[in-house]
Amino acid sequence: MDTLTIIILIGVAVALFYLNKLKNSKNMIPPQKFKELLQEGPGVVIDVRTRSEHNNGHLKKTDYNYDISSSDFETKVEKLDQGKNYFLYCRTGARSGRATQIMKRKGFENVYNIGGLQSLVNAGFEKE
């Protein structure tokens with residue numbers, strides 16, 4: 001491979017990475033919007049990180065820990081009531097973005113990526 005081909009391949013890879021990141025973040029809502037939605041009505045908060053990450057600290061408001069990288073993630077999601085509001089978070093917002101997309105493909109309309117745990121804690125949400 002010549003140098004130009006390598007540069008083009010690297011450029012395409014970087015572009016795809018950032019497009020995927022943008023796609024995952026488009027459904028992300030800021031912590032303030034999350035607070036407002038919780039005040040408007042109840043919602044289910046799901047930590048989509050691994051069990052060990054969850055055990056090392058999670059939002060006090062967390063209802064479920066459904067690891068998106070687990071083989072049974074979609075099975076667990078399919079058992080949820082599609083009429084409720086769902087708020088998903090992880091460490092940075094990337095995995096919760098993917099989980100949000102999965103739930104939307106399965107027919108959930110009110111599902112939100114609330115981003116990363118630390119940004120939520122920084123915004124005043126309690127961690128346990």
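This report walks through a predicted model of one protein chain, from its overall layout down to a few single residues.

## The overall layout

Let's start with the big picture. The secondary structure of the protein chain comes to 6 helices and 4 strands. Reading from the N terminus, you meet these elements in the order α-α-β-α-β-α-β-α-β-α. Of the 128 residues in the chain, 37% are buried. Contacts can also link residues far apart in sequence: among those between residues at least 6 apart, 66% join residues at least 24 apart.

## The sheet

In which order do the strands sit in the sheet? The 4 strands form an open sheet with the order 2-1-3-4, and their pairing is parallel. Strand 2 (64–65) and strand 4 are the edge strands, each pairing on one side only.

Now look at how neighbouring strands are joined. Strand 1 and strand 2 run parallel and are joined by 2 bridges; here aspartate 47 has asparagine 65 in strand 2 as its bridge partner. Strand 1 also pairs with strand 3 in the parallel sense, over 4 bridges, and valine 44 has tyrosine 86 as its bridge partner in strand 3. Strand 3 and strand 4, again parallel, are joined by 5 bridges. Cysteine 90 stands opposite glycine 116 in strand 4.

Strand 1 shows a helpful rule at work. In a regular strand the side chains alternate between the two faces of the sheet. On strand 1, Val44 and Ile46 are on one side, while Val45 and Asp47 are on the other, and all of them are buried, so both faces are covered.

## The nonpolar cores

The largest nonpolar core has 16 residues. Those with the most contacts inside this core are Ile46, Val48, Phe73, Tyr86, Leu88 and Met103. Which elements give two or more residues to this core? They are strand 1, helix 4 (73–78), strand 3 and helix 5. A second, separate core has 11 residues, including Phe34, Val45, Leu59 and Ile114.

Valine 48 gives a good feel for the surroundings of a core residue. Not counting residues up to four places away in sequence, valine 48 touches Tyr66, Asp67, Ile68, Phe73, Leu88, Tyr89, Cys90, Arg95, Ser96 and Ala99.

## Aromatic rings

A pair of aromatic rings is described by the distance of the centres and the angle of the planes. The structure holds 5 aromatic pairs, and the table shows two of them.

| Pair | Centre to centre | Angle between planes | Arrangement |
|---|---|---|---|
| Tyrosine 64 and tyrosine 66 | 5.0 Å | 20° | stacked |
| Tyrosine 86 and phenylalanine 108 | 5.5 Å | 85° | edge-to-face |

Why does the pair of tyrosine 86 and phenylalanine 108 count as edge-to-face? The planes of the two rings are at 85°, and an angle over 60 degrees puts a pair in that class. Tyrosine 86 lies in strand 3 (residues 86–90) and phenylalanine 108 in the loop between helix 5 (94–105) and strand 4 (111–116), so the pair ties together parts that are 22 residues apart in sequence. Tyrosine 86 is buried at 1% relative accessibility, and phenylalanine 108 is buried at 3%.

In the stacked pair, tyrosine 64 is partly exposed at 34% relative accessibility, whereas tyrosine 66 is buried at 12%.

Elsewhere, Phe34, Phe87, Tyr112 and Phe125 form one aromatic cluster. The charged end of lysine 35 sits over the ring of phenylalanine 125, 5.5 Å from its centre.

## Two charged residues to compare

Is arginine 49 buried or exposed? Arginine 49 has 5% relative accessibility, so this residue counts as buried. Arginine 49 is found in the loop between strand 1 (44–47) and helix 3 (51–55). The side chain of arginine 49 makes a polar contact of 2.8 Å with the side chain of aspartate 47. A polar atom of the arginine 49 side chain also lies 3.4 Å from the backbone oxygen of glutamate 53. Beyond its neighbours within four places in sequence, arginine 49 has contacts that include His54, Asp67, Tyr89 and Leu117.

Lysine 104 lies in helix 5 and counts as partly exposed, at 35% relative accessibility. Leaving aside neighbours within four places in sequence, lysine 104 is in contact with Asn27, Glu109 and Val111. Lysine 104 and glutamine 82 are 22 residues apart in sequence, with their C-alpha atoms 9.7 Å apart in space.

Key: Residues are numbered from 1 along each chain as its sequence is written. This is a predicted model: local features need pLDDT of at least 70, side-chain atom pairs count only at pLDDT 80 or more; totals for chains, interfaces and linings use all residues. Side-chain values use heavy atoms; hydrogens and water are left out. Buried means under 20% relative accessible area, exposed over 50%, partly exposed in between (1.4 Å probe, protein chains only). A polar contact is a pair of N or O atoms within 3.5 Å; within protein, one must be able to donate a hydrogen and the other to accept it, and residues adjacent in sequence count only if both atoms are side-chain atoms. Contact means heavy atoms within 4.5 Å. Rings of Phe, Tyr and Trp (its six-membered ring) pair if their centres lie within 6.5 Å; planes under 30 degrees apart count as stacked, over 60 as edge-to-face and the rest as tilted. A charge sits over a ring if NZ of Lys or CZ of Arg is within 6 Å of the ring centre and within 35 degrees of the ring normal. A nonpolar core is a set of buried Ala, Val, Leu, Ile, Met, Phe, Trp, Tyr and Cys residues joined through side-chain atoms within 4.5 Å. Two strands pair if DSSP finds at least two bridges between them.
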